[in-house]
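Dear colleague,

I am handing over the structure below, followed by an account of what was found in it. Please read the notes alongside the coordinates.

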Amino acid sequence: MKRYVFLFEEAKGMSRFELGGKGYGIVEMVAAGLPVPPGLVITTEACKDYYKNGGEMPDGLMRQVREKIDELSRRVGKRFGDPKSPLIVSVRSGAPYSMPGMMDTILNLGVNDDVVRGLILSTGNERFVYDAYRRFIQMFGRVAMGVPGERFDRRLEELRERLGVKSDQDIPANELRGLIEEFKRVVRESTGRELPQDPWEQLELAVRAVFNSWNNPRAREYRRYYKISEDLGTAVNIQLMVFGNMGPDSGTGVGFTRDPSTGEKRLYGEYLSNAQGEDVVAGIRTPLSLDVLKGELREQLEEVARRLEQHFRDMQDFEFTVERGRLYILQSRNGKRTANAAVKIAVDMTEEKLITIEEALMRVSPYDLVHLLHRRLDPRVKVNPIAKGLNASPGVATGKVVFDVTEADQMSSRGEKVILVRPETTPEDIKGVIAAQGVLTSRGGMTSHAAVVARGMGKPAVVGCGEIRIEMESGYFVTNKGLKVNKGDVITIDGSTGNVFLGEVPTVEAELTTELRTLLKWADERRRLGVRANADTPEAARRAREFGAEGIGLCRTERMFNAPDRLPIVREMIMATTDDERRRALAKLYELQLRDFKEIFKVMRGLPVTVRLLDLPLHEFLPSESQLLVELHEISASGAPKAEIEKKEVMLKKVRQLQEHNPMLGHRGCRLAVSHPDIYKMQVRAILRAAIEVRREVGETVGVQIMIPQSVDSNELAHVKKVVEEAAEETFEELRERIDYKFGTMIETPRAALTASKIASVVEFFSFGTNDLTQTTFAFSRDDAEGKFLPIYLEKKILADNPFETIDREGVGRLVAIGTKEGKQANPRLEVGICGEHGGDPRSIYFFDEAGLDYVSCSPYRIPIARLAAAQASLQVKEVIPVTA
């Protein structure tokens, strides 16, 4: 028979995948000698078997639990149901990866009517006992018996209103006694059953409820967002209760060994006197900062923080309870932190010799760096906030005010930006938090659910904003100055300062912090893959260079044709009826593109720049047939001159001539160079002349790489190569100066990848265009797929990932691997890169490193992400599908 249950001290050496993150942390703290209440852990294996059994308890599980509870009872001198010395426990979930608030917890389990009477006699604290019992009924009824939580909340709120008190702790003992009877009646009316009085029955129902909570909607949504496996299961931790609600010398709190928002090395957290743990994280009361704690408790917490960091070698988030002046640590886990804090903590701990550089690089998720590059409020703009709260999660967010979670999700799915505004958030609000740009709450503290979850997601959050009064049902909030803000109004929140502004506030670009520059320097020293940028303007090139790009891997030239000042000239070229007319139009474009290339080359001098020649089909530069038909009808009806009407008719005829049934697979890319070589010649002459003139003007130029799109055959490329060489020689002869350049191609079709060995004999470099390669391999049109059926495929797990975001290893990835391997075998000097969107996706970057590519190219804002991901790819052994060719 499987062994599922272990006392904390018996589980030393087991992994977090067996014990769950919470259980693992407790076991490690026990081993380190920290003051942890005793208890036991049910492993994740039991949860997995529970689901394999169709929701039935695994054989022998509860017998093992009973045996360990009996051991615990003998050790602490307390027994379930004993009025004189009752065993009272907490039952908590604990997944291998932290999922704060997503699964269920029950406190004070073991309390019943007999225990209440005995506890009142033994403690002499009637209010504490009744408070513990009403909390148990409220949590157990909701979690284990399915009673809607609002039924308890409504009665509690009605009682506070009748007594004229704001806080639960102000409700006297006699009123709590009446509330308990009311809560029992709620359970009976909602379920048709009495509240269980047998602690063993309570315990089995609680364990079952924790297992079930692994698959509740909010937990599934959280795992979907964070891409956590559905198969891990949750452990169950059963721990002796210590009580923070026994009076003014008791309390509960949450601490972080470093500031989770900034990464600063200081004790950070919050404390509530005469309270239990859920009061802090639920945001029911706004707690006091640990900064105001003095004396022995402060010193004890500082020492605990030091010991936790020394043991776990990472920033810790720990929960603690003080019972009658004695400190207990209930759990510790690696703390959720902002991207900024993650980087600072990793760098600082390295400099403190707590971790190595390699560990520091592996501690920061490349995905988190996206949030470090968010824009911030423009300091030059003077705007007054309408309210101020706690700066719980940094960053700036602007959106429409929304109070309802479902509405936030619906509006977000339509592309609208929203700010979720709530009195406080609960775990059930997770879908709304995911959908929102940021979160604003009127209650709660820096360790409330809203703050912790927002920080983990990198979303700005302002919490505990007592300066606003939220009228949820009426759909507005009012500031303390009387300003009314309605649902749908636009606000801006600054999670770095806690300020709330009406309307959209201007922002400026982010800047790399000193710590991030240090981390990326370490990454550059350890990565194999090069990192270049996709950039086609001087501004984008400048940004890319600032972020550490080692060149431009894709400079698209379509903008140089379809910009508003160019489009009339391009249309003039397309509509030309003689060679002379066409040459005159191309000469105008040549001058404009020469200027474009010079501006980009000056920014990128000293680095390689890969310019992709025109890829779009010509009809894309003309009006659509439907648009021209409307215009023809209008000018004919208005009595326009005949010449004007004939001109429109000629253009309509040309549009119909150029129309294609499937433009993506039509007359585009290098096929244009075969039928219209003069376009590519013009571009080549502009590129090479620009490079030479930049060298003349500033003494240094770029490494020119001319890239041909949409090639499918080596003969086709050989033909285009002659066109490029002719234009190059004409330019060199005209300028009486030469420059080195490389000739290469994009690999965007399966045929090109599969015939890479032949293509490699014609070119000096490949760059995989994985956007189109994914479309042609899957036979998916991206716009149609993402707009219609791809979300369904992902929801039904037909596909594990969106193949346009993360490389499809088995199909598209295999083509990349084949093309790289066979291309390099045929031409050992061949340079191979990738310039699709996958070049900025960390999981795809890991694959490209394995496949032997030389560099990735991505948007400027993803350069730091790619640098870190490439370093991690070099450092770690990844459990992935092997690259095969």
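One element to start from is a closed barrel of eight strands in the order β24-β25-β26-β27-β28-β29-β30-β31, paired in parallel, where strands are DSSP runs of E with at least two residues, helices are runs of H or I with at least four, and both are numbered from the N terminus. Two strands count as paired if DSSP finds at least two bridges between them. From one strand of the barrel to the next the twist averages 25°; axes here are lines fitted to C-alpha atoms, for helices over the stretch in contact, and angles run from 0 to 180 degrees between N-to-C directions.

Before going further, please note that this is a predicted model, in which local features need pLDDT of at least 70 and side-chain atom pairs count only at pLDDT 80 or more, while totals for chains, interfaces and linings use all residues. Residues are numbered from 1 along each chain as its sequence is written, and side-chain values use heavy atoms, with hydrogens and water left out.

Within the barrel, the parallel strands β29 (residues 765-768) and β30 (residues 831-834) are joined by four bridges, and Ser-767 stands opposite Gly-833 in β30. Helix α27 (residues 714-735) lies across β27 (703-708) and β28 (741-747), and runs at about 150° to β28; contact means heavy atoms within 4.5 Å.

There is also an open sheet of five strands, ordered β1-β2-β5-β3-β4, with antiparallel pairing. Its edges are β1 (5-7) and β4 (105-109), each of which has a single partner strand, so one side of each is left without a neighbour in the sheet. The twist in this sheet averages 20° from one strand to the next. Strand β2 (residues 39-42) pairs with strand β5 (residues 235-240) in the antiparallel sense over four bridges, and Ile-42 has Val-236 as its bridge partner in β5. Two helices lie across strands of this sheet: α1 (residues 16-31) covers β2, β3 (89-94) and β5, at about 25° to β5, whereas α8 (residues 199-213) lies across β2, β3, β4 and β5, at about 145° to β5.

Turning to helix pairs, helix α5 (residues 126-143) packs with helix α7 (residues 173-191) at an angle of about 20°, the axes being 9 Å apart. That makes α5 roughly parallel to α7, since angles under 35 degrees count as roughly parallel, over 145 as roughly antiparallel, 65 to 115 as roughly perpendicular and the rest as oblique. The residues in contact include Tyr-130 and Ile-137 in α5, and Leu-176 and Phe-183 in α7.

The axes of helix α18 (residues 514-526) and helix α34 (residues 863-875) come within 8 Å and cross at roughly 50°, and the two helices are therefore oblique to each other. Among the residues that make the contact are Leu-519 and Asp-524 of α18, with Arg-867 and Leu-868 of α34.

Finally, a search of the whole structure finds 20 aromatic pairs, where rings of Phe, Tyr and Trp (its six-membered ring) pair if their centres lie within 6.5 Å, and planes under 30 degrees apart count as stacked, over 60 as edge-to-face and the rest as tilted. The rings of Tyr-271 and Phe-320 have centres 6.0 Å apart and planes at 5°, so this pair is stacked.

With best regards
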